[in-house]
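Student: I have a new structure to look at. Can we go through it by asking what justifies each label?

Tutor: Yes. Here it is.

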Amino acid sequence: MSEQTKFVLPEREIPEQWYNIVADMPNKPLPPLHPGTQQPIGPEALTPLFPMELIKQEVSQDPWVGIPEEVRDIYKLWRPTPLFRARQLEKALDTPAKIYYKYEGVSPAGSHKPNTAVAQAYYNKMEGVKRITTETGAGQWGSALAFACNLFGIDCEVYMVRISYEQKPYRKVMMNTWGAQVFSSPTNRTEAGRKILASDPDSPGSLGIAISEAVEVAATNDDAKYSLGSVLNHVLMHQTVIGLEALKQMEMAGDFPDIIVAPFGGGSNFAGISFPFLRYKLTEGKQIRAIAVEPTSCPKLTRGVFRYDFGDTVGMTPLLPMYTLGHTFVPAKIHAGGLRYHGAGVIVSQLLKDGIIEAQAIDQLETFEAGVTFARAEGVIPAPEANHGIAVAIREALQAKEEGKSKTILFNLCGHGNFDMSAYEAYFAGKLQRHELTQEEIDAAVALIDTPAIPA
Ligand SMILES: *Cc1c(COP(=O)(O)O)cnc(C)c1O
């Protein structure tokens, strides 16, 4: 047996195509609806917000979409990313399970997010866009887009969720370093922001609110387009470079995962690592469990409802068929800022509905415990979001030990936590609390959803 720990691919192995799982889904995603008329909309309805090429990708049913050479050239700055066998973690857990992780924290912004940011900036540049607006939670997406826009000479305007703006000042400075403008959301620069501030001047903000602001600016300015870092089909597709590389690396290791685990915000890093493997489940019936891991304080996959909902708080975006806690749901201020979104991507929602993937919710105390165990065994200090996936990988490895069976677990280490020391500090100081929503709180949030139900 090989004692190899790190599996590295040469540059030429950067994928030449993204994988579009829609082509292989037994039930295709339902169409988006117009926010006003609630009738299905066509691609043309999205033209105020996105460049045409990304809209085509959003509705594409082709299994493979070519990656432009210019985008692959930029990917070379950090791709292919390494895949590791977590031998020290296996030892620490004394488990017969084999644990592998793909490490996306080697990108300039420190997470998987530049995989789509670079592609999106490229297509906007090709179509003459001068300015891109976006929202960011923990600052990961904003910094990825700031990095990408800078490479293509596009102005970048970021609406950053207020709670994160205050908790993570260094992420803001990072964005500024790459030339982006950053605003603490809700702002009084937009109609949407002013409306929220009028009813709650101390609003901690939310991704839903920040999206409303960024969308409003793009929709009301001809030179500006909007960019989203997760949830949408084209974003999930761009992230499949992660899993496509991991397929080759698992082959180098002479293994194939029984279980794939990733944290879940809107679904992009989960899709990125799992979809290229799930292709074999959908087309060849291969047995693979793919587990999306969300926080107990924002449990849309495990406790939300499957129905049409808005992507933003104010209700400006098209209605998407998704697992949701309701677009007005504002999650508690947990430290994994990137997982505080009320809804889930359309593709992932349909796959969950159809029983092709699974979901679990984990409390933040268990996630930090897992992150510290991982850091002490493997070195890298994971992002608080990534700790959710690690916690489930550890649970599965310990269960394998209990059952006395080996199994192969692959998880996505989607980012490092070097900008999240205040969260780790709070954890070590015993200041983090368990946070589980009561059924009354879930019912109250879901009762506020006034959008169309999905026909059975
Ligand atoms: C943004 C982010 C997430 C959550 O978003 P997904 O689209 O679900 O991946 C998770 N981890 C990290 C490190 C992130 O930056």
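**Labels and their reasons**

Tutor: This is a predicted model. We start in a loop: Pro-186 lies between strand 8 (181-185) and helix 8 (191-199).

Student: What makes the bond from Ser-185 to Pro-186 cis?

Tutor: Look at omega. For the peptide bond from Ser-185 to Pro-186 it is near 10°, and the bond is cis.

Student: Which other peptide bond is cis?

Tutor: The one from Arg-79 to Pro-80, with omega near -10°. Pro-80 sits in the loop between helix 2 (69-75) and strand 4 (83-85).

Student: What is notable about phi at Asp-94?

Tutor: Phi is positive there, about 50°, although Asp-94 is not a glycine. Asp-94 also belongs to a loop, the one between helix 3 (87-93) and strand 5 (98-103).

Student: Now the ligand. Which residues around the ligand come nearest?

Tutor: There are 15 residues around it, and Lys-113, Ser-230, Gly-265, Ser-268 and Asn-269 come nearest.

Student: What makes the pair between Ser-230 and the ligand a polar contact?

Tutor: The cut-off is 3.5 Å between N or O atoms. An N or O atom in the side chain of Ser-230 is 2.5 Å from an oxygen atom of the ligand. That value is within the cut-off, so the pair is a polar contact.

Student: How do you know that Gly-265 and Ser-268 make polar contacts too?

Tutor: Apply the 3.5 Å cut-off again. A polar backbone atom of Gly-265 is 2.7 Å from an oxygen atom of the ligand. For Ser-268, a polar side-chain atom lies 2.7 Å from a ligand oxygen. Both pairs therefore qualify.

Student: How much of the ligand does the protein bury?

Tutor: Taken alone, the ligand exposes 380 Å², and the protein buries 97% of that.

Student: Which class of residue is found around the ligand?

Tutor: The shell has 3 nonpolar, 10 polar and 2 charged residues.

Student: Why is the space taken by the ligand called a cavity?

Tutor: In a cavity, a 1.4 Å probe fits but cannot get out, with the protein atoms alone considered. The ligand's space is the largest cavity, so it meets that test.

Student: How many cavities of 30 Å³ or more are there, and what volume has the largest?

Tutor: The search finds 3 of them. The largest cavity holds about 400 Å³ of space. Its lining has 30 residues, and Lys-113, Ser-230, Gly-265, Gly-266 and Gly-338 are the closest to its centre.

Student: Which elements supply at least two residues of that lining?

Tutor: Strand 6 (131-136), helix 5 (140-152), helix 9 (207-219) and helix 12 (268-284). By class, the largest cavity's lining has 12 nonpolar, 15 polar and 3 charged residues.

Student: Why is another space called a pocket?

Tutor: A pocket is an open set of points, whereas from a cavity the probe cannot get out. The largest pocket has a volume of about 560 Å³. Among its 30 lining residues, Pro-32, Leu-46, Glu-58, Asn-233 and Leu-320 lie nearest its centre. Helix 1 (52-59), helix 9 and strand 13 (319-324) each give two or more residues to this lining.

Student: Which classes make up the lining of the largest pocket?

Tutor: It has 22 nonpolar, 6 polar and 2 charged residues.

Student: What about the second largest pocket?

Tutor: About 180 Å³ of space lies in it. Its lining includes His-34, Ile-41, Val-215 and Met-316. By class, that lining has 10 nonpolar, 2 polar and no charged residues.

Technical notes
Residues numbered from 1 in each chain as written. Predicted model: local features only at pLDDT ≥ 70, side-chain atom pairs only at ≥ 80, totals over all residues. Heavy atoms only, no water. Near = heavy atom within 4 Å. Polar contact = N/O pair within 3.5 Å; in protein donor to acceptor, adjacent residues only side chain to side chain. Areas by Shrake-Rupley, 256 points an atom, 1.4 Å probe, with all protein chains shown as cover. 1 Å grid on protein atoms, 1.4 Å probe; cavity = no way out; pocket = protein on both sides within 12 Å on 5 of 7 lines; lining within 4 Å. Sits in = over half its atoms within 2 Å of the grid points. Nonpolar A, V, L, I, M, F, W, Y, C, P; charged D, E, K, R; others polar. Points joined across faces, edges and corners; volume = space filled by probe spheres on them. Helix = DSSP H or I, 4+ residues; strand = E, 2+ residues; numbered from the N terminus.
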